[in-house]
Amino acid sequence: MIYDSKKVKQLKLVTGEEIMCEILEEDEQDIIIRNALTIQFNTMEDGSRMWSFKYFMCYQDDPERFTLVKMDK
């Protein structure tokens, strides 16, 4: 699957979570996204930091599934 790099963005939610996703459509109230991945920050035992990704929502491994994010959330 090929993505338009202009549509792939990093979002920070009011919960503090950071996600990487493809933005399909947005208006003043909603953002429609797909392929959302949560960015996880971990500190290793030696003090180094590690970043990893996991699916933002359960069962969102199908690229045709969309998620609606409210702008105030």
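User: What pattern does the chain follow when read along the sequence?

Analyst: The model is predicted. The secondary structure comes to zero helices and five strands. Read along the sequence, the pattern of the chain is therefore β-β-β-β-β.

User: What percentage of the residues of the chain count as buried?

Analyst: The C-alpha atoms fill a box of roughly 45 × 30 × 25 Å along the principal axes. The chain exposes about 5800 Å², of which carbon and sulfur atoms supply 53%. Of its 73 residues, the portion that counts as buried is 25%.

User: How far apart do the centres of the positive and negative side chains lie?

Analyst: The chain has 10 positive and 15 negative side chains. A search of the whole structure finds two salt bridges. The centres of the two charged sets are separated by 2 Å.

User: With which residue does R34 form a salt bridge, and in which strand does that partner lie?

Analyst: The closest N and O atoms of the R34 pair are 2.8 Å apart, and a salt bridge requires a separation within 4 Å. Both R34 and E22 are buried. R34 lies in strand 3 (residues 30–43) and its partner in strand 2, so the bridge ties together parts that are 12 residues apart in sequence. The partner is E22, in strand 2.

User: Is D30, which forms a salt bridge with K70, buried or partly exposed?

Analyst: In the salt bridge between K70 and D30, the closest N and O atoms are 2.8 Å apart. This pair links distant parts of the chain, with K70 in strand 5 (residues 66–70) and D30 in strand 3, 40 residues apart. K70 has 39% relative accessibility and counts as partly exposed. D30 has 17% relative accessibility, and because buried means under 20%, D30 counts as buried.

User: Which side chain of opposite charge is nearest to E18, and how far away is it?

Analyst: E18 is placed in strand 2 (residues 18–26). E18 is buried yet has no salt bridge. The cut-off for a salt bridge is within 4 Å, and the nearest side chain of opposite charge to E18 is K12, at 4.2 Å.

User: With which side chain does the side chain of E18 make a polar contact?

Analyst: Leaving out residues up to four places away in sequence, E18 touches Q10, L11, K12, L37, T38, I39 and F41. One of these residues also makes a polar contact, side chain to side chain, with E18 at 2.3 Å. That residue is Q10.

User: How far apart in space are L37 and I19, C-alpha to C-alpha?

Analyst: L37 is placed in strand 3, and at 28% relative accessibility L37 counts as partly exposed. Leaving aside neighbours within four places in sequence, L37 is in contact with E18, I19, M20, F53, K54, Y55 and F56. L37 and I19 are 18 residues apart in sequence, while their C-alpha separation is 5.3 Å.

User: What is the phi of N35?

Analyst: N35 lies in strand 3. Most residues other than glycine have a negative phi. N35 is not a glycine, although its phi is positive, at about 55 degrees.

User: Among contacts between residues at least 6 apart in sequence, what percentage join residues at least 24 apart?

Analyst: One link between distant parts of the chain is the pair K70 and D30, 40 residues apart. Among contacts in the chain between residues at least 6 apart in sequence, the portion that joins residues at least 24 apart is 32%.

Conventions: Residues numbered from 1 in each chain as written. Predicted model: local features only at pLDDT ≥ 70, side-chain atom pairs only at ≥ 80, totals over all residues. Heavy atoms only, no water. Helix = DSSP H or I, 4+ residues; strand = E, 2+ residues; numbered from the N terminus. Buried < 20%, exposed > 50% of the residue type's maximum accessible area, 1.4 Å probe, protein only. Lys, Arg positive; Asp, Glu negative; His and termini not counted. Polar contact = N/O pair within 3.5 Å; in protein donor to acceptor, adjacent residues only side chain to side chain. Contact = heavy atoms within 4.5 Å. Areas by Shrake-Rupley, 256 points an atom, 1.4 Å probe, with all protein chains shown as cover. Charge placed at Lys NZ, Arg CZ, Asp CG, Glu CD.
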